[in-house]
Amino acid sequence: MSSKESCRNELRTAIRQLSDRCLYSASKWAAEQLVGIEQDPAKFTPSNTRFQRGSSSIRRRFRTNEITSTPPTGISYVSTPVLEEDEAIHGDFYLLAKSYFDCREYRRAAHVLRDQTGKKSVFLRCYALYLAGEKRKEEEMIELEGPLCKSDAVNRELVSLERELSTLCKNSVIDPFWLYLYGLVLKEKGNENFACKVLVESVNSYPWNWSAWSELQSLCTTVDILNSLNLSNHWMKEFFLASVYQELRMHNESLSKYENLQGTFTFSNYIQAQIAKAQYSLREFEQVEVIFEDLLRNDPYRVEDMDTYSNVLYTKECFSALSYLAHRVIMTDKYRPESCCIIGNYYSLKGQHEKSVIYFRRALKLNKKYLSAWTLMGHEYVEMKNTPAAVDAYRRAVDINPRDYRAWYGLGQAYEMMGMPHYALHYFRKSVFFQPIDSRLWIAMAQCYESEQLHMLEEAIKCYKRAANCNDTEAIALHRLAKLHRELGHPEEAAFYYKKDLDRMEAEEREGPNIVEALMFLATHYKAQKRFEEAEVYCTRLLDYTGPERETAKSLLRGMRIAQSCFPSMDIEHFHP
């Protein structure tokens with residue numbers, strides 16, 4: 001059996017098993033990867049290739065090497081998903097409970113299975129109780145919430161579930177789905193180390209449950225934790241590692257993993273979306289935009305990950321494209337957190353910040369842990385000069401994900417607005433620690449060092465140098481480096497950065513006062529250095545302007561001609577033996 005056929009058969013069986021246990025997110029993920037596997041050319045038909053056509057152009061555009069084999073990750077340690085137990089006797093009760101579960105009547109489903117002892121029945125009963133507790137917790141949060149949706153509501157089923165699952169896992173034959181749920185409960189109770197061990201055991205015994213991998217990923221907050229995991233070899237591990245690398249800001253490693261996986265999952269929309277998100281973090285917006293456009297052509301009703309696409313359109317100030325995307329998601333599924341976030345970005349780009357906040361709040365009503373909404377709402381409060389609300393929103397974001405550099409950066413901005421540069425500096429340092437390749441963060445920290453209260457210009461220079469090395473698209477760092485060196489009495493360094501800034505402005509065909517400032521300084525500096533030919537070049541360029549700089553240039557030229565006329569000719573006769 002070929003490697004692709006093996007993956008295909010494993011996923012087909014896993015999809016049925018996951019769906020049977022109501023793990024619908026994991027089942028959907030597995031089904032998307034199943035369709036993403038390239039079909040055998042001999043079996044191609046219009047019906048089974050229609051879904052796969054769209055992403056091929058992305059693959060051709062962004063893949064450097066064609067990979068045609070399964071990623072070299074070792075052999076599969078479970079050749080096919082586990083066999084189902086014989087539950088013919090009690091199957092009718094399970095079918096009834098599953099029907100109640102699908103109708104979100106979780107306690108009713110658990111009650112039906114109260115006397116059932118089969119593994120599937122025990123899992124579904126415990127999972128139904130867990131979701132019943134989550135449902136009640138959400139209701140209490142709505143009823144009792146304070147400012148910015150804060151609430152102390154908890155899932156009241158966790159204690160009894162932990163007790164039961166702990167006993168089951170100790171005394172019974174281990175079931176990977178019990179372990180998944182046990183790990184989920186332990187994580188919710190804050191016992192993260194033990195949860196990590198339990199989830200590793202779950203994915204090692206049943207690797208096709210992406211929900212278990214996702215929970216494990218959320219616990220891998222450092223590279224050391226990731227390296228400590230004792231994971232068996234399987235192709236699902238490659239998906240996990242790629243995802244964790246992305247969360248840990250190891251974007252190049254993540255991209256490498258996803259490109260390897262494309263050898264088997266050639267048409268996976270999930271992989272394409274993850275590649276786009278990694279490139280978004282690397283600020284490669286042009287490539288990201290192309291990938292998302294192709295994704296939407298292939299899957300026009302997709303809402304998942306489209307909030308990232310809206311961030312790209314917002315950054316590029318593409319009003320019409322963002323408006324079209326907002327209209328599209330409204331018509332597809334208006335009350336999805338991602339949809340609300342996209343609409344919020346649209347109103348923010350239009351400058352309607354109050355309306356934008358309404359939609360970000362709506363997104364948080366739908367998902368309290370929706371990180372982007374907290375961060376973007378904080379940005380809107382900063383625009384509205386409501387710094388206390390901005391600080392609260394950013395703090396909620398870092399509570400959800402302490403590695404979110406955007407929230408740390410927002411906190412720095414908020415405290416800078418409140419005139420507290422020492423606090424701002426602390427948060428800016430946090431942001432550059434998690435995203436050291438973003439020039440905006442280094443510039444913000446440099447400007448904080450420049451503030452009147454700190455006035456640490458040497459430290460500011462170090463930050464601007466880092467920004468200049470990080471592809472400073474806004475062209476701030478070089479100009480500030482030149483000005484700071486000028487203020488500190490370092491004319492050679494100032495001339496170096498003014499010249500670099502001038503060269504960049506010419507290459508980008510930009511005009512403005514910065515060009516005049518650079519020409520004026522360089523003309524004056526080279527005149528003082530008696531490098532008259534170079535000074536004359538800059539003065540001549542200043543003559544093209546109509547302001548006072550034109551008269552200054554004329555004065556400098558006159559002065560240089562007088563100085564040159566007073567010099568003796570550089571002739572051999574002037575030198576005595």
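1. Leaving aside neighbours within four places in sequence, Asn-155 is in contact with Tyr-130, Gly-133, Glu-134 and Lys-137. In this predicted model, Asn-155 sits in the loop that runs between helix H7 (119–144) and helix H8 (158–171), and its side chain makes a polar contact of 3.0 Å with the side chain of Glu-134. Although it is a loop residue, Asn-155 counts as buried because its relative accessibility is 5%, against a cut-off of under 20%.

2. The largest nonpolar core comprises 104 residues, and those with the most contacts inside it are Leu-216, Phe-239 and Phe-240. Helix H7 gives the most to this core, contributing 10 residues. A second core, separate from this one, has 78 residues, among them Ala-407, Leu-441, Ala-467 and Ala-477. As general background, nonpolar side chains in soluble globular proteins tend to be buried together.

3. Phe-239 deserves a separate entry. When residues up to four places away in sequence are not counted, Phe-239 touches Trp-29, Gln-33, Trp-210, Tyr-258, Leu-261, Phe-265, Tyr-270 and Ile-271. Phe-239 also belongs to a cluster linked by ring pairs, whose other members are Trp-29, Trp-210, Trp-235, Tyr-258, Phe-265 and Tyr-270.

4. Across the structure there are 29 aromatic pairs. For Tyr-280 and Phe-285, the ring centres lie 5.8 Å apart and the planes meet at 40°, so this pair is classed as tilted; the angle falls between the limits of under 30 degrees for stacked and over 60 for edge-to-face. Both Tyr-280 and Phe-285 are buried.

5. On the cysteines, the count comes to 0 disulfides, where a disulfide requires two cysteine sulfur atoms within 2.5 Å. Cys-196 is in no disulfide, the nearest cysteine sulfur being that of Cys-220 at 5.3 Å. Cys-196 is buried because its relative accessible area is 10%. Cys-463 is likewise in no disulfide, and the nearest cysteine sulfur, which belongs to Cys-448, is 9.3 Å away. Cys-463 is buried as well, with a relative accessible area of 4%.

6. Helix H24, which covers residues 421–434, has 14 residues and reaches 20 Å from its first C-alpha to its last, close to the 20 Å expected at 1.5 Å a residue. Its buried residues are Pro-421, Ala-424, Leu-425, Tyr-427, Phe-428, Ser-431, Val-432 and Phe-434. These buried residues of H24 pack against three helices, namely H22 (387–400), H23 (405–417) and H25 (439–450).

7. Leu-519, in helix H29 (residues 513–528), is buried because its relative accessible area is 0%. Not counting residues up to four places away in sequence, Leu-519 touches Leu-502, Tyr-538, Arg-541, Leu-542 and Tyr-545. One of these partners, Arg-541, is 22 residues away from Leu-519 in sequence and 7.7 Å away in space, taken from C-alpha to C-alpha.

How values were computed: Residues numbered from 1 in each chain as written. Predicted model: local features only at pLDDT ≥ 70, side-chain atom pairs only at ≥ 80, totals over all residues. Heavy atoms only, no water. Helix = DSSP H or I, 4+ residues; strand = E, 2+ residues; numbered from the N terminus. Expected span 1.5 Å × (residues − 1). Buried < 20%, exposed > 50% of the residue type's maximum accessible area, 1.4 Å probe, protein only. Contact = heavy atoms within 4.5 Å. Polar contact = N/O pair within 3.5 Å; in protein donor to acceptor, adjacent residues only side chain to side chain. Core = buried A, V, L, I, M, F, W, Y, C linked by side-chain atoms within 4.5 Å. Phe/Tyr/Trp six-rings, centres within 6.5 Å; stacked < 30°, edge-to-face > 60°.
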